Each structure stands twice: as C-alpha cells, then as structure tokens.
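Let's take a walk through a small report on one protein chain. Have a look at the picture first, and then we'll go through it piece by piece.

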Amino acid sequence: MQLQLYAKKILLYRQPIDFRCGIDGLSSLITQELKHSPKDMLCLFLNRKFDKLKMLFWHKNGFMMCYK
C-alpha cells in the first residue's frame with residue numbers, strides 16, 4: 001500500500017500531551033486551542049518524556065493516526 005500525504009503544513013504541538021488521547025481528542029485540541037483545521041496539516045504530538053510521537057493527518061475520507 002502506498003500512502004500519499006497531501007498536507008501543506010506541518011504542525012508540531014509543543015506542549016506534551018496525554019497519550020491516551022485518540023483521534024477525536026487530538027483533532028479537537030487543534031481545533032479549539034489553535035483555531036486551525038487538522039484536515040489541512042500534518043499534526044505531530046509528543047509525550048512528557050519526548051520519547052514517543054503521535055502523528056495525525058487526513059487521508060482521503062478520514063483521519064489516520066500513527067504512533068511511534
């Protein structure tokens with residue numbers, strides 16, 4: 001499977017987040033706090049230790065979240 005990203009912007013959320021948040025929690029965080037649409041960008045989130053990463057982006061007809 002080939003995955004193409006169409007994001008024109010990359011957003012690094014600089015405050016650590018609770019990694020129990022899922023797609024809905026992370027997308028509402030971007031919408032409510034930063035007043036941006038998460039569909040328009042690639043959003044990156046880190047935990048408190050800065051050793052884990054979550055990536056949220058819009059792909060065709062829904063959000064996709066990757067966790068490392």
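What follows goes from the whole chain to the sheet, and then to a few single residues.

## The chain as a whole

Before anything else, keep in mind that this is a predicted model. The chain has 1 helix and 4 strands. If you start at the N terminus and read along, the elements come in the order β-α-β-β-β.

How much of the chain is tucked away? Of its 68 residues, 29% count as buried. The accessible surface adds up to about 5200 Å², and carbon and sulfur atoms account for 53% of that. There is also a number for how the chain meets itself: take the contacts between residues at least 6 apart in sequence, and 48% of them join residues at least 24 apart.

## The sheet

The 4 strands form an open sheet in the order S1-S2-S3-S4, and the pairing is mixed. S1 and S4 (62-67) sit at the edges with a single partner strand each, so each of them has one side without a neighbour in the sheet. On average, neighbouring strands here are turned by 20° against each other, if you ignore direction.

A bit of background helps here: strands of a sheet pair through backbone hydrogen bonds, and they can do so in a parallel or an antiparallel way. You can find both kinds in this sheet, since its pairing is mixed. S1 (residues 9-12) and S2 (residues 41-46) run parallel, joined by 4 bridges. In that pairing, Leu-11 has Cys-43 of S2 as its bridge partner. To get from S1 to S2, the chain passes through helix H1 (residues 23-34), and this β-α-β crossover is right-handed.

At the other end of the strand order, S3 (residues 53-59) pairs with S4 in the antiparallel sense, over 6 bridges. There, Leu-56 stands opposite Met-65 in S4.

## Rings that meet

How many aromatic pairs does a search of the whole structure find? It turns up 3 of them. One of these is Tyr-13 with Phe-45: the ring centres are 5.8 Å apart and the planes meet at 45°, so this pair is called tilted. The two partners come from distant parts of the chain, 32 residues apart, with Tyr-13 in the loop between S1 and H1 and Phe-45 in strand S2.

Are these two residues buried or exposed? Tyr-13 is buried, at 6% relative accessibility, and Phe-45 is buried too, with a relative accessible area of 0%.

Strand S2 also holds Met-41, which counts as buried because its relative accessibility is 5%, under the 20% cut-off. Met-41 and Lys-9 are 32 residues apart in sequence, but their C-alpha atoms are 4.7 Å apart in space.

## Two residues in loops

Now for a couple of residues with a backbone angle to look at. Lys-35 is not a glycine, yet it has a positive phi of about 60°. You'll find Lys-35 in the loop between H1 and S2, and at 65% relative accessibility it counts as exposed.

Phe-50 also has a positive phi of about 60° without being a glycine. Its place is the loop between S2 and S3. Is Phe-50 buried or exposed? With a relative accessible area of 53%, Phe-50 is exposed, because the cut-off is over 50%.

Note on methods. Residues are numbered from 1 along each chain as its sequence is written. This is a predicted model: local features need pLDDT of at least 70, side-chain atom pairs count only at pLDDT 80 or more; totals for chains, interfaces and linings use all residues. Side-chain values use heavy atoms; hydrogens and water are left out. Two strands pair if DSSP finds at least two bridges between them. A crossover is right-handed if, with the strands pointing away from the viewer, the path from the first strand over the helix to the second runs clockwise. Buried means under 20% relative accessible area, exposed over 50%, partly exposed in between (1.4 Å probe, protein chains only). Contact means heavy atoms within 4.5 Å. Accessible areas come from the Shrake-Rupley method with a 1.4 Å probe; for residues, only the protein chains shown count as cover. Axes are lines fitted to C-alpha atoms, for helices over the stretch in contact, and angles run from 0 to 180 degrees between N-to-C directions. Rings of Phe, Tyr and Trp (its six-membered ring) pair if their centres lie within 6.5 Å; planes under 30 degrees apart count as stacked, over 60 as edge-to-face and the rest as tilted.
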